[in-house]
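Ready to find your way around a small fold? Work through the exercises below with the picture open beside you, and try each task before you read its solution.

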Amino acid sequence: MTPVPTPPAQPDDAPDAYVGLAAEAAERRARARGWHTVRALPPGSIITMEFRAGRINFEVDESVVTRCWVG
């Protein structure tokens, strides 16, 4: 049987620290801290709920991060 791959470790980062930042600054900060995928979404977006290691999500309203979560 093939072993289950171990996902990469999540960056040691606090998602709440991104709330209130300009979207562009938040993306630069996230990439510098090691997030592989940075996803910016408008409020109320319909998204899939799968968890992806190394991904950080921003809800962006008028170019400002209003919510942030990982996966």
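The chain contains one helix and three strands (helices are DSSP runs of H or I with at least four residues, strands runs of E with at least two, numbered from the N terminus). This is a predicted model, where local features need pLDDT of at least 70 and side-chain atom pairs count only at pLDDT 80 or more, while totals for chains, interfaces and linings use all residues. Residues are numbered from 1 along each chain as its sequence is written, and side-chain values use heavy atoms, with hydrogens and water left out.

**Exercise 1. Work out the order of the elements and how the strands pair.**

Solution. Start at the N terminus and walk along: you get α-β-β-β. Next, take strand S1 (residues 37–41), which pairs with S2 in the parallel sense over five bridges; two strands pair if DSSP finds at least two bridges between them. One spot to look at is Val 38, which sits opposite Ile 56 in S2. Now turn to strand S3 (residues 64–70): six bridges join S3 to S2, and these two run antiparallel. Finally, check the link: S2 and S3 make a hairpin with two residues between them, and Glu 62 in the turn has a positive phi of about 55°.

**Exercise 2. Decide whether S2 is enclosed or open, and explain why.**

Solution. Count the buried residues (buried means under 20% relative accessible area, exposed over 50%, partly exposed in between, with a 1.4 Å probe and protein chains only). Six of the seven residues of S2 are buried, so the strand is largely enclosed by the rest of the structure. For the whole chain of 71 residues, 28% count as buried.

**Exercise 3. Describe the surroundings of Asn 57.**

Solution. First, place it: Asn 57 belongs to strand S2 (residues 55–61). Then check the cover: Asn 57 counts as buried because its relative accessibility is 0%. Next, list the neighbours, skipping residues up to four places away in sequence: Asn 57 touches Arg 39, Arg 67, Cys 68, Trp 69, Val 70 and Gly 71 (contact means heavy atoms within 4.5 Å). Last, look at Arg 39 again: its side chain makes a polar contact with the side chain of Asn 57 at 2.7 Å. A polar contact is a pair of N or O atoms within 3.5 Å; within protein, one must be able to donate a hydrogen and the other to accept it, and residues adjacent in sequence count only if both atoms are side-chain atoms.

**Exercise 4. Which side chain of opposite charge is nearest to Glu 59?**

Solution. Glu 59 also lies in strand S2, and its bridge partner in S3 is Arg 67. Arg 67 is also the nearest side chain of opposite charge, 4.0 Å away, yet the buried Glu 59 has no salt bridge. Here Lys and Arg count as positive and Asp and Glu as negative, with His and the chain ends not counted; a salt bridge is a side-chain nitrogen of Lys or Arg within 4 Å of a carboxyl oxygen of Asp or Glu.

**Exercise 5. Is Gly 20 buried or exposed?**

Solution. Find Gly 20 in the segment before helix H1 (23–32). With a relative accessible area of 52%, Gly 20 is exposed. Gly 20 and Thr 66 are 46 residues apart in sequence, but 6.1 Å apart in space, C-alpha to C-alpha.
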